Amino acid sequence: KNEKMEFPKGFLWGGATAANQLEGGFHEGNKGLNIADVLPGGKERLKLLQSPGFNFEMDTEKYSYPNHEAIDFYHRYKEDIALFAEMGFKVYRMSIAWTRIFPNGTELEPNEAGLAFYDRVFDELHKYGIEPVVTMSHYEMPVNLVKEYGGWRSREVVTFFERYAKVILNRYKNKVKYWLTFNEINSGLEMPIMGLGFAIQKEEDKYQPTFQAFHHQFVASSLAVKACHEIIPEAKIGCMILYIPTYSFDCNPENVLYAQQEARFFNTFCADVQVKGKYPSFIQRYFREHSIKLEMKPGDLELIKSYPVDFISFSYYMSRTEMKDKPSGDTVEGNILGGVKNPFLKASDWGWEIDPIGLRITLNEFYDRYQKPLFVVENGLGAKDKVEEDGSINDDYRIEYIREHIIQMREAIEDGVELMGYTPWGCIDLVSASTGEMSKRYGFIYVDKNDDGSGTLERKRKKSFNWYKDVIASNGSEI
Ligand code: BG6
């Protein structure tokens, strides 16, 4: 036992999921269609997400839609929460599906069946002393808002979101004290379909609509922070950033500068606005060079300034290595932002470069910049698991991945970083966001479901289940 490894008292150990990736029940309880419901399964999904012109229509002849049933948490949440409790979770990060509460996004009154479902989930969590950490919007915008309003391009969506936020804050004010606004808000820079609710059309310039949509989300985020503090004074509300530390391939200043500028743009533009309460100076040059002119209402900038978030949550899976002029053929396909191969790192089966030290670098960079509490709300290894004849699943690779990242979190705490907690992604196997696959598994809990939709949905404890249980029980000292 290494005494040094114990984490601060009250550290929030847990796991993370999102409604659209595990609930299923996509038509039940009067739920409306959301973006994830119309995304097909398999590699086609990634292509759609990255190519222009997606129309948000389903084509059941051609594709399957894995989020419709997902892992059926909608009916099995009691069993699943009991397993989370068995691992000793202190918190459980989940999201509310906007379309369960406002099926079309535009209704004046919320849908009681949807509200009641989350009451049951929160009550079940509290039965075991697990605090929910709730994302208000995790790639789950109502399709109706996409089709009728062009997603977050439209200012009107701010009003719809504010109504939704106020309804859930009021309803769950005695049940939820940790809130997150938009999941991986900055992912909209690369994949506007999921985060911003619109596809870039071939003929149009992506810059103006993307940043206008971000502006609307920043306003909506500040309105949510304001409402949260008014309705639940003791609650904390954070932003959620997809963070990918970006290294220069070598010490050529051209490459160092390129890596620095890419990193600043992707990792900190949104966080700067949500945490510091103002647009960063560096973005003005970008706006000028791309002829971006934001439409704002009087009072927007004051609102953003007055209601920054209380903490910063983020996902961390990989790092990225960059050079200004990339040689052809030496790029990393899997990494969300590409980049060149890092000779010091191995990659997951999906090509994501595994870099535990990058998490320590991230934590230090974030804390230096903002001096606000941090929360690692996603991290993990997507891998294929094998069920042995005796039913066991020996996922030592996953244990190793998570162990190495926990060690680096502890180092960062020693460095002086204020870290609230750790909720590894997909604590129970669920549908992958980028590829819609079940076979890209992250869980401590195995779910018997395959890419073709077959399977009994039975849950099994993987080897990592008991390992993580011991980690939590020892507050990070038994790893
Ligand atoms: C994050 C998302 O990008 O990464 C999750 O917030 C997602 O929704 C996770 O599932 C892992 O990505 P993927 O594509 O492997 O599911």
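Mentor: UniProt positions are given here in the numbering of this structure, feature names are shortened, and annotations may be inferred rather than shown by experiment. The model is predicted, with pLDDT of at least 70 needed for local features and 80 or more for side-chain atom pairs to count, while totals for chains, interfaces and linings use all residues. Residues are numbered from 1 along each chain as its sequence is written.

Trainee: Which residue does UniProt list for "active site"?
Mentor: The listing comes from an unreviewed UniProt entry. The residue concerned lies in strand β9, residues 374-378, where strands (E, at least two residues) and helices (H or I, at least four) are DSSP runs numbered from the N terminus. The residue listed is Glu 378.

Trainee: Is Glu 378 buried or exposed?
Mentor: A residue is buried if 20 or more other C-beta atoms, placed from the backbone, lie within 10 Å of its own, exposed if 12 or fewer do, and partly exposed in between. Because 25 other C-beta atoms lie within 10 Å of Glu 378, this residue is buried.

Trainee: Which residues does Glu 378 touch, not counting those up to four places away in sequence?
Mentor: Contact requires that the C-beta atoms of two residues, placed from the backbone, lie within 7 Å. By that criterion, the residues that Glu 378 touches are Ala 16, Ser 315 and Trp 425.

Trainee: Of the 14 residues around the ligand, which come nearest?
Mentor: A residue is near a molecule if its C-beta atom, placed from the backbone, lies within 6 Å of it. The shell divides into four nonpolar, seven polar and three charged residues; Ala, Val, Leu, Ile, Met, Phe, Trp, Tyr, Cys and Pro count as nonpolar, Asp, Glu, Lys and Arg as charged, and the others, Gly among them, as polar. Those that come nearest are Glu 184, Gly 382, Ser 432, Ala 433 and Ser 434.

Trainee: On which residue is the kink in α10 centred?
Mentor: Helix α10 covers residues 253-276, yet its end C-alpha atoms are only 29 Å apart, short of the 34 Å of a straight helix. The expected span is 1.5 Å times one less than the number of residues. A bend is the angle between axes fitted to the seven residues ending at a position and the seven starting there. The kink, of about 50°, is centred on Thr 268.

Trainee: What phi does Gly 277 take?
Mentor: Gly 277 comes just after α10, a helix whose buried residues include Val 273, Gln 274 and Val 275. The phi of Gly 277 is positive, at about 80°.

Trainee: Is Tyr 139 buried or exposed?
Mentor: Tyr 139 lies in the loop between β3 (131-137) and α6 (143-149). Its phi is positive, about 55°, although Tyr 139 is not a glycine. Because Tyr 139 has 25 C-beta neighbours inside 10 Å, it counts as buried.

Trainee: How many C-beta neighbours inside 10 Å does Asp 72 have?
Mentor: Asp 72, in the loop between α2 (43-50) and α3 (73-87), has a positive phi of about 60° although it is not a glycine. Asp 72 counts as partly exposed because its C-beta neighbours inside 10 Å number 16.

Trainee: How far apart in space are Tyr 247 and Thr 321, C-alpha to C-alpha?
Mentor: Tyr 247 lies in strand β6 and counts as buried, with 22 C-beta neighbours inside 10 Å. Leaving aside neighbours within four places in sequence, Tyr 247 is in contact with Ala 259, Ser 319 and Thr 321. Although Tyr 247 and Thr 321 are 74 residues apart in sequence, their C-alpha separation is 4.7 Å.

Trainee: What separates the C-alpha atoms of Cys 251 and His 215?
Mentor: Cys 251 is placed in the loop between β6 (246-248) and α10. Cys 251 is exposed because 7 other C-beta atoms lie within 10 Å. Cys 251 and His 215 are 36 residues apart along the chain, and their C-alpha atoms are separated by 36 Å.
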